[in-house]
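This report is meant for someone opening the structure for the first time, and it goes through a few features in turn. Please keep the sequence and the 3D view at hand while reading.

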Amino acid sequence: QVQLVESGGGLVQPGGSLRLSCAASRSISSINRLGWYRQAPGKERELVASIISGGTWYANSGKGRFTISRDNAKNTLYLQMNSLKPEDTGIYYCWARVVVLRNYDYWGQGTQVTVSS
């Protein structure tokens, strides 16, 4: 079991930056996969970025502007978002997948990101 708590969301103007944080209740070094999902208004939740020990993955929407990283010592996952656009608006959810015979998925409650003038 792992609890995830997001922070760092808010209102930002187009072109601005935000850094989202996800604090985990236990060590993240043993978690198989971590990531960030976004649910935009009227749309389904979609994966924005993920990270494993071997590398990272980004959706095309954020590629070149977003950077996912982890700090195992702090049990924290980050998403650095630069050059923000209005279409980046949505609720961002921290996600963790633990594999023990089967997949176990854990979710944070989400943090709102609004990009608007």
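## The disulfide and its surroundings

Cys94 has a relative accessible area of 0%, and it is therefore buried. This value, like the others in this report, was computed from a predicted model, and it should be read with that in mind. Cys94 is joined by a disulfide to Cys22, with the two sulfur atoms 2.0 Å apart. The two cysteines belong to distant parts of the chain, since Cys22 sits in strand E3 (residues 18–24) and Cys94 in strand E9 (residues 90–100), with 72 residues separating them in sequence.

Cys22 also counts as buried, because its relative accessibility is 2%. A disulfide is a covalent bond between the sulfur atoms of two cysteines. The torsion about the S-S bond of Cys22 and Cys94 is about -80°, and the disulfide is therefore left-handed. When the whole structure is searched, 1 disulfide is found.

## A tryptophan in strand E4

Is Trp36 buried or exposed? Its relative accessibility is 0%, so Trp36 counts as buried. This residue belongs to strand E4, which covers residues 33–39, and its side chain reaches the backbone oxygen of Tyr78 at 3.3 Å.

Separation along the chain and separation in space can both be given for Trp36 and Ser25, which are 11 residues apart in sequence, while their C-alpha atoms are 17 Å apart in space.

## A network of salt bridges

The structure holds 4 salt bridges, and Arg38 is a useful residue from which to follow some of them. Arg38 forms a salt bridge with Glu46, in which the closest N and O atoms are 3.2 Å apart. The two partners differ in their surroundings: Arg38 is buried because its relative accessible area is 3%, whereas Glu46 is partly exposed, with a relative accessible area of 40%. Arg38 also forms a salt bridge with Asp88, where the closest N and O atoms are 3.9 Å apart. Because Arg38 lies in strand E4 and Asp88 in the loop between strand E8 (76–81) and E9, this pair ties together parts of the chain that are 50 residues apart in sequence. Arg38 and Asp88 are both buried.

Asp88 in turn forms a salt bridge with Arg65, with the closest N and O atoms 2.8 Å apart. Arg65 lies in the loop between strand E6 (55–58) and strand E7 (66–71), and Asp88 in the loop between E8 and E9, so this pair ties together parts that are 23 residues apart in sequence. Both of these residues, Asp88 and Arg65, are buried. Through salt bridges that share partners, Arg38, Glu46, Arg65 and Asp88 are joined into one network.

## How some of the strands pair

Strand E5 (residues 46–52) pairs with E6 in the antiparallel sense, over 4 bridges, and the two strands form a hairpin with 2 residues between them. Within this pairing, Ala49 has Tyr58 in E6 as its bridge partner.

Strand E11 (residues 111–115) can be followed to two other strands. Strand E2 (residues 10–12) and E11 run parallel and are joined by 3 bridges, with Leu11 standing opposite Thr114 in E11. E9 and E11, in contrast, pair in the antiparallel sense over 3 bridges, and here the bridge partner of Tyr92 is Thr111 in E11.

## The two faces of strand E11

In a regular strand the side chains alternate between the two faces of the sheet. Which residues of strand E11 make up its covered face, and which its uncovered one? The covered face consists of Thr111, Val113 and Val115, while Gln112 and Thr114 form the uncovered face. Thr114 on the uncovered face is the residue that Leu11 stands opposite, and Thr111 on the covered face is the bridge partner of Tyr92.

## A nonpolar patch at the surface

On the surface, Val100, Leu101 and Tyr104 form a nonpolar patch, and together these residues have about 350 Å² of accessible area. Val100 lies in strand E9, the strand that also contains Cys94. With a relative accessible area of 48%, Val100 is partly exposed, whereas Cys94 is buried at 0%.

Technical notes
Residues numbered from 1 in each chain as written. Predicted model: local features only at pLDDT ≥ 70, side-chain atom pairs only at ≥ 80, totals over all residues. Heavy atoms only, no water. Buried < 20%, exposed > 50% of the residue type's maximum accessible area, 1.4 Å probe, protein only. Polar contact = N/O pair within 3.5 Å; in protein donor to acceptor, adjacent residues only side chain to side chain. Disulfide = S-S within 2.5 Å. Patch = residues over 30% accessible without salt bridge, like charges linked within 9 Å, V, L, I, M, F, W, Y side chains within 5 Å. Areas by Shrake-Rupley, 256 points an atom, 1.4 Å probe, with all protein chains shown as cover. Salt bridge = Lys/Arg side-chain N within 4 Å of Asp/Glu carboxyl O. Pairing = 2+ DSSP bridges.
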